[in-house]
Amino acid sequence: MKSRQSVRASPLSYNIQINKRRLLRDLNAVSRIGIGDRGSVTRLVFSIKELRSRQFLIHQMRQIGLQIHIDRIGNIFGRLDGANAKAPALLVGSHLDTVIHGGKFDGTMGVIAALEAVRILKEQKLVLQSPVEVVCFVGEESSRFGYSTLGSSLVAGEIRAKDLAHAADAQGTKLEDILASMGIYRNNLRSMSRDPSTIRAYLELHIEQGPILEAKKKPIGIVTSIAAPTRFRVVLTGQADHSGTTPMEMRKDALVAASEFIVALEKICRRYSRMEKGRVVGTVGAISIEPGVINAIPGKAELSVDIRSIAAEAKRRVVRLVQARIREIARRRKIQVKILPLREEDPVPLDKWLIHLLKECCEMRNIAYEIMPSGAGHDAMQMAKVTPAGMLFIPSRRGISHSPLEWSEPEDICLGAQLLLDSVIRVANETT
Ligand SMILES: [Zn+2]
């Protein structure tokens with residue numbers, strides 16, 4: 001049996017370095033799965049490409065010799081035991097699914113950095129107090145079903161059956177049907193969650209997906225809270241008529257009503273952001289119309305609405321105003337409106353102990369950091385509801401993400417991965 005060494009001092013006293021070449025090599029290898037035009041990456045949840053990326057991870061975990069557990073939805077946990085095998089595990093990871101024509105770094109970097117951290121621990125034969133598990137959550141992105149952080153919500157026991165009811169992809173495949181094929185039903189959703197007493201904490205490294213770190217020339221962000229979205233679909237039903245024979249005053253044009261609503265949403269969010277503490281952002285990101293031909297008045301318009309803020313009360317008020325406005329527009333235009341809820345989440349603060357610990361990790365290596373909220377949602381948002389959760393950001397060039405133009409510098413990726421390893425050693429050695 002190999003000698004066991006327990007690390008109690010700071011990571012720096014052991015000077016454990018990640019293997020940068022291997023980290024970037026693995027990141028590139030995953031990026032090639034689902035690569036398309038202009039270097040874009042598409043790995044929609046439950047697609048063949050996404051499954052292949054998960055297989056890649058499982059293969060790497062096997063090579064390291066981690067104990068692999070895959071839950072019913074496909075979340076992957078690769079476990080490295082600690083000195084105290086019964087202690088709750090530190091989970092560290094992110095997601096491998098992407099949006100359509102997304103980038104190489106969103107999610108993937110966090111999973112690969114976690115893999116590298118654990119691989120180094122294993123190579124160096126360092127046995128920490130708590131077990132450490134590399135985790136890949138399924139379906140963090142909402143671009144297929146309009147439902148985000150699917151896998152982590154299930155682990156955290158945060159999925160509500162009513163939220164799933166309207167989740168379907170562009171082809172009409174219902175998320176509920178896919179889950180049912182895995183043996184996950186409305187009545188057993190809660191039983192899919194993981195016992196929180198088996199989790200010590202959750203750490204996630206991610207690209208910022210915003211412009212702040214680049215503007216402030218800081219290589220690391222430490223996240224304080226995550227803005228959670230309220231999402232709903234709006235279905236407007238008017239009357240499809242001939243575009244030549246129907247007088248303007250007799251029309252029930254669903255698209256014109258939708259247009260009025262989109263502009264109103266922008267106005268409300270802008271006005272509210274100026275008046276209130278706590279920025280609120282609102283977006284109509286998708287719209288479909290019927291019949292969608294040049295010579296017919298649109299009889300039906302369906303829109304997706306996404307409203308976010310760090311301030312829970314401000315967001316709730318904007319949601320109320322926006323929904324009242326669409327009802328008013330529909331009434332005035334004599335059009336039917338249906339509002340179908342997709343997701344209602346409160347903003348989530350991250351753990352103060354971990355924020356402090358991540359600061360110390362940066363200070364030990366003399367790294368400048370920014371303390372900041374996250375405007376984008378992450379798996380950490382769900383995990384924070386059941387365990388202390390912490391997040392590190394690295395800069396995104398020009399703040400761009402969900403695009404083939406998404407880019408983070410290799411040195412920032414390596415630095416982020418190094419700090420992730422440092423913090424894993426600290427957290428897994430601090431006993432409660
Ligand atoms: Zn992500």
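This is a short walk through one predicted model, from the whole chain down to a few single residues.

I start with the overall picture. The secondary structure of the chain comes to 13 helices and 15 strands. The radius of gyration is 23 Å, and the globule rule gives 22 Å for 432 residues, so the chain is as compact as a globular protein of that length. Along the principal axes, the C-alpha atoms fill a box of roughly 85 × 45 × 40 Å. Buried residues make up 49% of the 432 residues. As for contacts with a separation of 6 or more, 79% of them are between residues 24 or more positions apart.

Next, the domains. The assignment gives domain 1 as 5-226 + 347-429, and domain 2 as 229-344. Domain 1 is therefore written as two segments, following the assignment, which comes from an automatic or database source. The centres of the two domains, taken over C-alpha atoms, are separated by 34 Å. How many residues does each domain put into the contact? Domain 1 gives 10 residues, and domain 2 gives 12 residues. On the side of domain 1 that touches domain 2, four residues are nonpolar, five are polar and one is charged.

Now the core. The largest nonpolar core has 118 residues. Those that touch the most other members are Leu90, Val92, Ala117, Val132, Ala417, Leu420 and Val424. Which element supplies the largest share of this core? That is helix α13, residues 410-429, with 11 residues. The core also draws at least three residues from each of domain 1 and domain 2.

Leu420 is a convenient residue to click on here. If you leave aside its neighbours within four places in sequence, Leu420 is in contact with Val92, Ala113, Ala114, Ala117, Leu203, Leu205 and Leu392. Val92 and Ala117 from that list also appear among the core residues that touch the most other members.

On to the strands, and I will take β11 as the reference. Strand β11 covers residues 300-309, and eight of its 10 residues are buried. Strand β9, residues 228-237, runs antiparallel to β11, and 10 bridges join them. Within that pairing, the bridge partner of Ala228 is Ser309, and the bridge partner of Pro229 is Arg308. Strand β10, residues 280-290, also pairs with β11 in the antiparallel sense, over 10 bridges. There, Val281 has Arg308 as its bridge partner. Arg308 in β11 thus has a partner in β9, namely Pro229, and a partner in β10, namely Val281.

Strand β9 is mostly covered as well, with seven of its 10 residues buried. What else does β9 pair with? Eight bridges join β9 to strand β12, residues 336-344, and these two run antiparallel. In that pairing, Thr237 stands opposite Gln336.

Just a word on the loop leading to β12. Lys334 sits in the loop between α10, residues 312-332, and β12. Is Lys334 buried or exposed? Lys334 is exposed, because 11 other C-beta atoms lie within 10 Å, and 12 or fewer counts as exposed. Its C-alpha atom is separated by 42 Å from that of Gly399, and the two residues are 65 residues apart along the chain.

Last, some backbone geometry. Most residues other than glycine have a negative phi, and most peptide bonds are trans. Three places in this model are worth a look against that background.

Where is the cis peptide bond? It joins Glu290 and Pro291, with omega about 0°. Pro291 is placed in the loop between β10 and β11.

Arg38 is not a glycine, yet has a positive phi of about 50°. Arg38 lies in the loop between α2, residues 20-31, and α3, residues 48-64. Arg38 is exposed, with 9 other C-beta atoms within 10 Å.

Asn366 is also not a glycine, and has a positive phi of about 55°. Asn366 lies in the loop between α11, residues 352-364, and β14, residues 369-374. Asn366 is exposed too, with 6 other C-beta atoms within 10 Å.

That is what I have on this predicted model.

Note on methods: Residues numbered from 1 in each chain as written. Predicted model: local features only at pLDDT ≥ 70, side-chain atom pairs only at ≥ 80, totals over all residues. Helix = DSSP H or I, 4+ residues; strand = E, 2+ residues; numbered from the N terminus. Rg over C-alpha atoms; globule rule 2.2 N^0.38 Å. Buried ≥ 20, exposed ≤ 12 C-beta atoms within 10 Å, placed from the backbone. Contact = placed C-beta atoms within 7 Å. Pairing = 2+ DSSP bridges. Nonpolar A, V, L, I, M, F, W, Y, C, P; charged D, E, K, R; others polar. Core = buried A, V, L, I, M, F, W, Y, C linked by C-beta atoms within 7 Å.
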